[in-house]
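Open the model in your viewer and keep the selection panel at hand. The stops below say what to select next and what to look for there.

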Amino acid sequence: MSEKAGDARLDMETLVSLAKRRGFVFQSSEIYGGLGGFWDYGPLGVELKNNIKRSWWKAAVQERDDVVGLDASIIMNPRVWVASGHVDTFADPMVDCKECKKRFRADDLEGYVAAGAQGQAAEAAAMRCPECGGELTPPRMFNLMFRTFVGPVEDQASTAYLRPETAQGIFANFDNVLTSTRRKLPFGIAQIGKAFRNEITPGNFIFRDREFEQMEIEYFVKPGTDEEWHQHWVEQRRNWYRGLGIQEENLRVRRLDKDDLAHYAKDTYEVEYLFPMGWSELEGIANRTDFDLRRHAEFSGRQLTYYDEESGEHIVPYVIEPSAGVDRCLLAVLFDGYREETVRGEKRVLLRLHPSLAPIKVAVLPLSRQESLAPTARKVWELLRPHWMTQYDDSQSIGRRYRRQDEVGTPHCVTIDFDTLKDDAVTIRERDTMDQVRVPITGLVEALRERLGGV
Ligand code: ATP
């Protein structure tokens with residue numbers, strides 16, 4: 001998060017308030033004061049989240065001939081995390097302010113120098129508390145994995161971890177998938193699921209959570225073809241965000257400096273979005289080499305190789321890993337779609353969500369609450385419900401109802417008026433242009449399907 005956003009776009013506070021007011025995201029266990037880094041997705045949030053995951057799965061698995069899916073358990077044999085390096089190295093440097101007692105991630109602070117020639121004491125001396133300017137403790141490494149116990153005895157032997165990434169469930173199943181699907185290299189395994197990190201400083205709403213969801217692909221390739229496949233995946237993933245309608249100027253791909261690479265990576269690109277707090281990571285696309293498969297083979301004693309018929313040799317594939325966060329993507333989609341306009345002297349807030357992502361695709365609005373309209377309006381609603389997520393709203397003026405739907409990104413409203421009772425036709429009103437067109441009820445599903453682009 002090095003650069004600041006240049007323009008005065010929607011600020012975080014306004015978005016958090018909209019997200020709560022309209023039922024996208026609530027603070028977890030809010031009635032008890034909440035819990036830092038944990039969030040709940042409300043009725044519209046869960047739809048948006050599911051639509052993001054569906055779109056990812058379609059691009060990552062359904063539309064490809066070389067990727068299969070997986071759903072691995074969250075808690076795994078703890079030796080997985082020893083082999084992966086997480087037990088030893090999945091830690092952030094943590095400092096406490098001696099005066100105000102606040103806690104920070106040292107590498108977020110100005111003056112931080114990674115432990116090395118100068119040593120840890122020098123790091124602390126160069127930094128001051130960003131809140132009160134006070135003196136800080138020397139940094140100490142804090143492991144981000146949540147620990148728990150499996151079975152009734154809480155001892156060292158029963159200690160297990162909530163997975164901090166979904167990737168390891170894929171590596172541990174490499175051989176199972178290979179033998180059960182008889183795949184040839186290159187091929188990938190994709191997974192969507194929860195991950196947990198005991199972040200020292202969660203924040204920026206749902207950007208940095210302690211419980212979040214990842215969408216990951218481990219793509220296994222022949223060594224020597226890895227760099228080419230890495231480029232392929234960077235392009236694929238960039239195009240996926242473009243396809244969601246994210247504006248080009250708010251999206252960038254950055255190659256990490258060698259010094260910033262994770263211990264397993266040969267090369268990494270990040271897809272970043274221009275949030276109000278600056279350019280921040282949505283997804284990492286890493287070349288993990290053969291690190292994971294070799295480590296798991298070493299620690300499990302199992303052979304995790306691929307028999308290459310061409311060369312007649314057993315090889316350890318290299319891995320390209322596109323790893324995206326669902327929550328961060330959802331946050332980017334909300335920021336990116338938010339617009340404020342003035343229409344006939346009044347403020348109109350709208351979310352320009354891609355139709356495939358919109359939580360509600362069609363709202364059914366009888367012009368008034370008069371009883372004569374209700375049966376027809378309800379019939380129209382019934383007609384649409386099997387096809388899309390819809391909403392029926394008959395309270396307050398039609399103008400206010402349009403605004404309510406605009407604010408949550410509903411692409412189309414269908415209005416039933418008194419003429420409908422005579423001509424069996426309704427009005428479709430489009431979110432972005434506010435254009436209205438009259439169509440017969442018999443052709444309504446088709447007309448909407450066409451306008452929604454087949455979603
Ligand atoms: P950061 O540098 O922001 O801590 P990271 O580089 O540790 O992220 P990865 O380990 O590459 O993240 O995880 C892959 C993806 O998982 C990230 O790009 C992000 O979308 C998501 N992710 C990681 N940590 C969190 C978190 N604490 N909250 C929400 N999403 C996260």
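Which side chain meets that of E165 in a salt bridge? Select R288: the side chains of E165 and R288 meet at 3.4 Å, N to O. The coordinates belong to a predicted model. Now colour by secondary structure: E165 sits in the loop between β8 and α6 (167–172), while R288 belongs to strand β13 (residues 278–289). The pair therefore links distant parts of the chain, with the two positions 123 residues apart in numbering. Switch on a surface and both partners turn out to be covered: E165 has a relative accessible area of 6% and is buried, and R288 is buried at 0%.

**Second stop: β18 and helix α12**

Select R348 and D406 next. They form a salt bridge whose closest N and O atoms are 2.8 Å apart. R348 lies in strand β18 and D406 in helix α12 (residues 398–407), so this pair ties together parts that are 58 residues apart in sequence. Are these two residues buried or exposed? R348 is buried, with a relative accessible area of 0%, and D406 is likewise buried at 0%.

Stay on β18 and add its partner strand. Strand β17 (residues 338–343) pairs with β18 (residues 346–351) in the antiparallel sense, over six bridges. Within this pairing, E340 stands opposite V349. The hairpin has two residues between the strands, and R344 there takes a positive phi near 45°.

**Third stop: the ligand**

Select the ligand and show the residues around it. There are 15 of these, and E199, R208, D209, E281 and L282 come nearest. Colour the shell by strand: β10 (211–221), β13 and β16 (318–325) each supply at least two of its residues. Which element gives the most to the shell? β13 does, with four residues; this is also the strand that holds R288 from the opening stop.

Three polar distances can be drawn here.

- From a nitrogen atom of the ligand to a backbone N or O atom of F207: 3.3 Å.
- From an oxygen atom of the ligand to an N or O atom in the side chain of R208: 2.7 Å.
- From an oxygen atom of the ligand to a polar backbone atom of G325: 3.0 Å.

Then compute areas: taken alone the ligand exposes 590 Å², and the protein buries 82% of that.

**Fourth stop: a charged network**

Keep E199 and R208 selected, both among the residues nearest the ligand. Add D92, R105 and D107; together with E199 and R208 they are linked in a network of salt bridges. Side chains of opposite charge can pair when their charged atoms come close. A search of the whole structure finds 44 salt bridges.

**Fifth stop: helix α14**

Select R449 and E446. Their salt bridge has its closest N and O atoms 3.6 Å apart. Both residues are in helix α14 (residues 444–451), three residues apart, so about one helical turn separates them. R449 is partly exposed, with a relative accessible area of 28%.

**Last stop: a nonpolar patch**

Finish on the surface with I74, I75 and V150. These residues form a nonpolar patch with about 220 Å² of accessible area together. Where does V150 sit? V150 is in the loop between β7 (147–149) and β8 (159–161).

Note on methods
Residues numbered from 1 in each chain as written. Predicted model: local features only at pLDDT ≥ 70, side-chain atom pairs only at ≥ 80, totals over all residues. Heavy atoms only, no water. Patch = residues over 30% accessible without salt bridge, like charges linked within 9 Å, V, L, I, M, F, W, Y side chains within 5 Å. Areas by Shrake-Rupley, 256 points an atom, 1.4 Å probe, with all protein chains shown as cover. Salt bridge = Lys/Arg side-chain N within 4 Å of Asp/Glu carboxyl O. Pairing = 2+ DSSP bridges. Buried < 20%, exposed > 50% of the residue type's maximum accessible area, 1.4 Å probe, protein only. Near = heavy atom within 4 Å. Polar contact = N/O pair within 3.5 Å; in protein donor to acceptor, adjacent residues only side chain to side chain.
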